[in-house]
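Visitor: I would like a close look at one part of this protein. Please take me through the strands, and then place them beside a few features elsewhere in the chain.

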Amino acid sequence: MNTKTVLTIVLFVVLVVTTVTADKYRPPEPVERERFIFYLDNPVYMEPADSVLAQTRVELAKLLRDTLDYKAKVYIVDDIDYFRKIIRGRFPDWGAAAAYPPRQLIAIKSPDKFNLGKSLSELLAHEYTHLAIAARCGFNRPPRWFDEGMAMMTSTEWSWSDNLAMSKAAVFDGFLPLVDIEKVNRFNEAKAHVAYAQSYLTVRYFYDEYGINAVNLFLDEISTGRTVDQALVAATGSNYNQFEEEVNRDLREHYNLLSLFTDTMYLWLGLAILVVVGGFLKYRKRRQYYKQWEEDEKLHSTDFDYGDPDNPEQPDDDEPWRR
């Protein structure tokens, strides 16, 4: 093997190694703030994320009566493999973010690369709530419906689509047993939507009907290792089944055929407005096009008249053939 061949091989290997290294994902470096540690592929999310989390922390400290004195780690990353590595577990395809309480971290897919379906502020508040509840309950954990419902409440992510999902669930007997919500990560997207919405309404009922003292007594009982049934009896006087019956009765009072009709009416009304607005914009654009076309025609006439412009049918010196 001559020198030229060896040099060619070496250059080829260097090129391949350089290309692979350039394409390899580099995890973000930590940036520590007063209350949180951020790992961001795009630093533009630093200030808004820190602001949202700080506000959520204040609210959770009141609702959960806890100090929340630890520094949570917050990842917003572009690489899906690194995202999965951070959360260390199976994750549904429809998921956009996750909390991992053992490491006190939040992981969110970057809006730069993924369609999250929710705003970044909602996801941050939602996942931070999971960390706060886990810390509040220590080595024990509350039922999934409480965890998810509380997260939805603090992130204020309730929307018209949640309302419609619950109306449909009421009409088609789609309310879920609260114990089944433990398996929400195995649900398809539509069923998960109902599970999250129902969880929110259950927690909202808990706070509205029994108050913040009862909710925190419930969490105190859970943190000492009591069952959900025992914790609910201590906090509300109702056992698990009785509490669920109360919630379902409240849900059916608010969600029924009438609410479904109303929600669907709003849907069609919204679509009708979109059609009208779209038609108007199209009409206006067409009018502008024709107007511009007329202006262009004035400047670029195809009526070539070489005679007298004031009396074009009379021959003049420019039309010798008329003589």
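Guide: What follows concerns the paired strands, with a helix pair and one helix residue added afterwards.

The model is a predicted one. The protein has ten helices and five strands. Of its 323 residues, 38% are buried. Among contacts with a separation of 6 or more, 65% are between residues 24 or more positions apart.

Strand β5 is a convenient place to begin. This strand covers residues 105–109 and runs antiparallel to strand β4, residues 97–100, with four bridges joining the two. Two of the pairings can be named. Ala98 stands opposite Ala107 of β5, and Ala99 has Ile106 of β5 as its bridge partner. The two strands form a hairpin with four residues between them, and in this hairpin Gln104 takes a positive phi near 50°.

β5 also pairs with β3, here in the parallel sense, over five bridges. In this pairing Val77 has Lys109 of β5 as its bridge partner. β5 thus has a parallel pairing with β3 and an antiparallel one with β4.

The burial of β5 can be read from its residues. Five of the five are buried, so the strand is largely enclosed by the rest of the structure. Burial applies to both faces of β5: Leu105, Ala107 and Lys109 are buried on one side, and Ile106 and Ile108 are buried on the other. Lys109, the partner of Val77, is therefore among the residues counted as buried, being under 20% relative accessible area.

Strand β3, residues 72–77, has five of its six residues buried, so this strand too is largely enclosed by the rest of the structure. Besides pairing with β5, β3 is joined by five bridges to strand β2, residues 36–40, and these two run parallel. Phe38 has Val74 in β3 as its bridge partner. Followed from one pairing to the next, the path leads from β2 to β3, from β3 to β5 and from β5 to β4.

Next, the helix pair. Helix α4 spans residues 120–137 and helix α5 residues 144–155; their axes come within 8 Å and cross at roughly 135°. The two helices are therefore oblique to each other. The crossing of α4 past α5 is right-handed. On the α4 side the contact is made by Glu122, Ala125, His126, Thr129, His130 and Ile133, which meet residues of α5 including Phe146, Met150, Ala151 and Met152. The residues of this contact divide into six nonpolar, five polar and three charged.

The last item is Gln198, which lies in helix α7, residues 189–223. Its relative accessibility is 1%, so Gln198 counts as buried. With neighbours within four places in sequence left aside, Gln198 is in contact with Met166, Phe175, Leu176, Leu178, Asn248 and Leu251.

Terms used. Residues are numbered from 1 along each chain as its sequence is written. This is a predicted model: local features need pLDDT of at least 70, side-chain atom pairs count only at pLDDT 80 or more; totals for chains, interfaces and linings use all residues. Side-chain values use heavy atoms; hydrogens and water are left out. Axes are lines fitted to C-alpha atoms, for helices over the stretch in contact, and angles run from 0 to 180 degrees between N-to-C directions. Angles under 35 degrees count as roughly parallel, over 145 as roughly antiparallel, 65 to 115 as roughly perpendicular and the rest as oblique. A crossing is left-handed if the near helix is turned anticlockwise from the far one by less than a right angle, and right-handed if clockwise. Contact means heavy atoms within 4.5 Å. Ala, Val, Leu, Ile, Met, Phe, Trp, Tyr, Cys and Pro count as nonpolar, Asp, Glu, Lys and Arg as charged, and the others, Gly among them, as polar. Two strands pair if DSSP finds at least two bridges between them. Buried means under 20% relative accessible area, exposed over 50%, partly exposed in between (1.4 Å probe, protein chains only).
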